[in-house]
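Visitor: I'd like a close look at one part of this model, please. Pick a good spot, start there, and walk me outward through whatever surrounds it in the chain.

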Amino acid sequence: MSNKRIKLAMIATNLKLNGISTVIMNYISYLDLDKYRVTLIVGKGVAQKYRNICKRKKVQIIELAPRKESPVRFYYGLYKYLLFHHFDIVHVHGSNASIGMELFLAKISGIKIRIAHSHNTTSTSMRIHKMMKPIFNFSYTDGFACGKLAGKWLFGDKPFTIIPNGVEVDRFKFDPVKRNFIRKELKLDKSFVIGHVGRFNYQKNHKFLLAVFEEILKQKKNAKLLLVGNGPDFEKFRNSIIYKKFSKNIILYGETNKPNDLYQAMDYFVFPSRFEGLPLTLIEAQISGLPCLVSDVITPEVQLSKNLKFMSLNNAPKKWTKTIMNSSLEDRNNFFKENISAIDHYRIKNDVDILDKQYQKILKENNK
């Protein structure tokens, strides 16, 4: 294999602006593409930002039917493509055992190395997860996970390798000039800005976040809630706040290609997810020096410093608010330098090096 590029297929539900897609595109940006010939096989839904990156990197995107709405067409298209393109490695990204179907199709297509990559710690589709678990266990050859809890969730007591969710850490370093510019642009002035970055869905728990913000407003009339992202529940959330008297204090920013700029404008980051793997947003927010309050279902591996605190969702929003109000706001200017050792753990180049070494190790073992 030393004389030719390794044929690698990465498979995901879609390539929209979400956590798994961000991880995949970070890999694409730093993998040695002289060594790997990468093909992304995904369901319908590819962000233009990612199309542009793949075009620049000469990475092919195969866009199939939408997996959720047209599963038969999705799986038939995937099987046909895998059968005729003879990949050395198939690397499937997901959150539960339903990816067992993609792995099974790779297996019957004759692909020897079939990697399952866990990006979460539970599922909203437990019935499907349990039903697919035997097929999943039968079909994958190697397990990857973004963290310990995500690995235990999908692989149980079987071995798996942790590949940290890396980012381009220097992009998120605190910049006071950029902070002033963004705050002026968003008309935040002297506001106390609570921030959140994430898809509007059941998992991210925006309803609880809104309840916390209502409590904060009782103590800080100048508070603003900056919500960044889109998702299936976006319109439902927007409609739920239209007639609330504090709706003018909420900024529904929508999707962005530059979350690094928006972290600069925030004063506090609140993340009350019902479940998570190892969310990149929390790594990014911390790197920018933001104090963070997050639900305790999230893996402790995400914590870079004492700036991040965990709290149970069983606690009332008033208790979350009390913690936020009593937090001492650290000097963001020095955070990056003082926590560089912890931050380096999530430097994307280092994490892609781990990924590359694992690929090479697995290939070597399969060629004995």
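Guide: Quick bit of vocabulary before we start: a helix here is a DSSP run of H or I with at least four residues, a strand is a run of E with at least two, and both are numbered from the N terminus. Keep in mind, too, that this is a predicted model.

Let's start at Ile-287, which sits in helix α11, residues 280-287. With a relative accessibility of 1%, Ile-287 counts as buried, because the cut-off for that label is under 20%. As for its company, set aside the neighbours within four places in sequence, and Ile-287 touches Val-167, Val-169, Phe-172, Lys-173, Phe-174, Leu-304, Phe-335, Phe-336 and Ile-343. For a sense of scale, take Arg-114: 173 residues separate it from Ile-287 in sequence, and the C-alpha atoms are 34 Å apart.

From α11, let's move on to the strands. There's an open sheet of 6 strands, and its order reads β10-β9-β8-β11-β12-β13, with parallel pairing. At the edges you'll find β10 (250-254) and β13 (308-311), each with a partner on one side only. Going from one strand to the next, the twist averages 20 degrees. Zoom in on β11 (residues 268-271) and β12 (residues 292-295), and you'll see 3 bridges joining them in the parallel sense. Val-270 faces Leu-293 of β12 there.

Now over to the β10 edge. Helix α9 (residues 234-241) lies across β9 (223-228) and β10, and α9 runs at about 160 degrees to β10. That angle is over 145, so α9 and β10 count as roughly antiparallel.

The loop that follows α9 is worth a stop as well. Phe-246 lies in that loop, between α9 and β10, while Phe-213 belongs to helix α8 (residues 206-219), so their aromatic pair ties together parts that are 33 residues apart in sequence. The geometry is edge-to-face, with 6.3 Å centre to centre and 75 degrees between the planes. Both rings belong to buried residues: Phe-213 has a relative accessible area of 1%, and Phe-246 comes in at 10%. That's one of 15 aromatic pairs in the structure. Elsewhere, Phe-136, Tyr-140, Phe-155 and Phe-160 make up one aromatic cluster.

While we're around α8, have a look at the backbone leading into it. Asn-205 is in the loop between β8 and α8, and its phi is near 65 degrees, a positive value in a residue that isn't glycine. Asn-205 counts as buried, at 6% relative accessibility. On the other side of β8, in the loop between α7 (176-185) and β8 (192-197), Asp-189 also has a positive phi without being glycine, near 45 degrees. Asp-189 is exposed, though, with a relative accessible area of 62%.

So, to pull the tour together: we began at the buried Ile-287 in helix α11, crossed the open sheet from β10 to β13, and took in the pair of Phe-213 and Phe-246. The two loops beside β8 gave us Asn-205 and Asp-189, the former buried and the latter exposed.

Note on methods. Residues numbered from 1 in each chain as written. Predicted model: local features only at pLDDT ≥ 70, side-chain atom pairs only at ≥ 80, totals over all residues. Heavy atoms only, no water. Pairing = 2+ DSSP bridges. Axes fitted to C-alpha atoms, helices over the stretch in contact; angles between N-to-C directions. Contact = heavy atoms within 4.5 Å. Phe/Tyr/Trp six-rings, centres within 6.5 Å; stacked < 30°, edge-to-face > 60°. Buried < 20%, exposed > 50% of the residue type's maximum accessible area, 1.4 Å probe, protein only.
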